[in-house]
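Here is a quick walk through one chain, going from its sheet to its core and overall build. Have the sequence and the model open as you read.

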Amino acid sequence: MNAQKRTYGVLLRVYTPKPEEVEGRVERAIKHIRQILAVSKEFPALRRVMILVPLDHDCKQTCQALLDRLELDGLSDHVEVYMPPGYHSCEVLNWGLAELSTNISHALIVSGKAVQYLTRDAMLAIDKAFDGGAKVAGLAVDELRDQVLAGRISNTFAVWDIRALFQSGRFDSLIDVEEISLLIRMARMFGKCIAPIDVAHGTFDLHATATARERHEHVIRTKIERQIAECKRLGADFGFIQRSVMD
C-alpha cells in the first residue's frame, strides 16, 4: 500500500470491574487521549481514536463517565467510545478492528500503560516498516523488549495491517496472548512480515490501583508460559516466529 493511502486508527481499552476505580480510570484515559490527539496533529495519517469499554468486564459505569468527561473537556468530536460485548482480548478487539476497517487500513492496539511510547517518531518508524512490507509492527517496550525483538509482538503496543489480519483469521485466544496465533498465521501466509521496532528504554505508566498492579504482575510473570501454550495450539514454536521477523 502506498504510504499516502495508509491510515491509522487507535484502539484503547478502558475499563474496571470496580465502581470506585471509575473516576481514576477516566482521568487516566483523558490524559492518554490528549497525548494521542497531540501525536495525530504531528502525524496526520493517524485519523481515528477509538475507546473500547468491554461490556462483560466493566462495572457498567465507565462508558458513561468517560462520555460525560469527553463532552465536558470538548473532546467528544475527536474520540469514539463503544461498549462491545465479549472477551476483552479477542471479541472486543475483533469488533473494534471491524469498525475501524470501514475507512482505516492499519490499527494501533495500545495499552494505557504504554501510551507514553506513542510519538511522531515511533509512528514514522512503524510507517517505514510497512513501507518495507510488514504486516504487523510492534514497539519493544520496557520489560517486553526481548520478547518483542524476537518477533513476539505484543498488543501492549502493536500496529496491524487490518486486511492482512482478517485474511489470517481473528484474535481467538482466551489466555491473553492473542497476538501469538495471528503472528503464526500471518507468517504462514505472508512469510517474513513481522517488524519489531526498538525504542529507548522507558517505564510503563502503570495505574496505581491494586487491580492494575495485580493484573500487570500476573501478565508479566506468566506471559512466556502462555505464549508457549499458544504456539503448541498452532503447531509452531518461538523459533518459527523469530524466523518470520523481517530482515
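## The β2 end of the sheet

This is a predicted model. A good place to start is strand β2, residues 46-52, which pairs with β3 in the parallel sense over three bridges. Within that pairing, Ile-51 sits opposite Val-81 of β3.

Zooming out, β2 and β3 belong to an open sheet of seven strands, ordered β3-β2-β1-β4-β6-β5-β7, and the pairing is mixed. The edges are taken by β3 (80-82) and β7 (194-198); each has a single partner strand, so one side of each is left without a neighbour in the sheet. On average, neighbouring strands here are turned by 20° against each other, direction ignored.

## Around β5

Now for β5, residues 136-140. Its pairing with β6 is antiparallel and runs over three bridges, with Ala-137 bridged to Val-159 in β6. With β7, β5 pairs in the parallel sense over five bridges, and there Gly-138 stands opposite Pro-196.

How many residues of β5 are buried? Five of the five are, so the strand is largely enclosed by the rest of the structure. Helix α4, residues 120-131, lies across β5 at about 145°. The same helix also lies across β1 (8-13), β4 (106-110), β6 (157-161) and β7.

## The nonpolar core

In soluble globular proteins, nonpolar side chains tend to be buried together. In this chain, the largest nonpolar core has 81 residues. The ones with the most contacts inside it are Tyr-8, Ile-51, Ile-126, Leu-139, Phe-157, Trp-160 and Phe-171. Helix α1, residues 22-42, gives the most to this core, with eight residues.

Phe-171 is worth clicking on. Leaving aside residues up to four places away in sequence, Phe-171 touches a list of residues including Leu-93, Leu-97, Ile-109, Trp-160, Leu-165 and Leu-182. Polar names turn up as well, among them Ser-89, Asn-94, Asn-155, Glu-178 and Glu-179.

## The chain as a whole

All told, the chain has nine helices and seven strands. Its C-alpha trace spans about 50 × 40 × 35 Å along the principal axes. A compact globule of 247 residues would have a radius of gyration near 18 Å, and the chain has 17 Å, which agrees.

Buried residues make up 55% of the 247. Of the contacts with a separation of 6 or more, 79% are between residues 24 or more positions apart. As for the surface, the chain exposes about 11000 Å², with carbon and sulfur atoms supplying 50% of it.

Terms used: Residues numbered from 1 in each chain as written. Predicted model: local features only at pLDDT ≥ 70, side-chain atom pairs only at ≥ 80, totals over all residues. Heavy atoms only, no water. Pairing = 2+ DSSP bridges. Helix = DSSP H or I, 4+ residues; strand = E, 2+ residues; numbered from the N terminus. Axes fitted to C-alpha atoms, helices over the stretch in contact; angles between N-to-C directions. Contact = heavy atoms within 4.5 Å. Rg over C-alpha atoms; globule rule 2.2 N^0.38 Å. Buried < 20%, exposed > 50% of the residue type's maximum accessible area, 1.4 Å probe, protein only. Areas by Shrake-Rupley, 256 points an atom, 1.4 Å probe, with all protein chains shown as cover. Core = buried A, V, L, I, M, F, W, Y, C linked by side-chain atoms within 4.5 Å.
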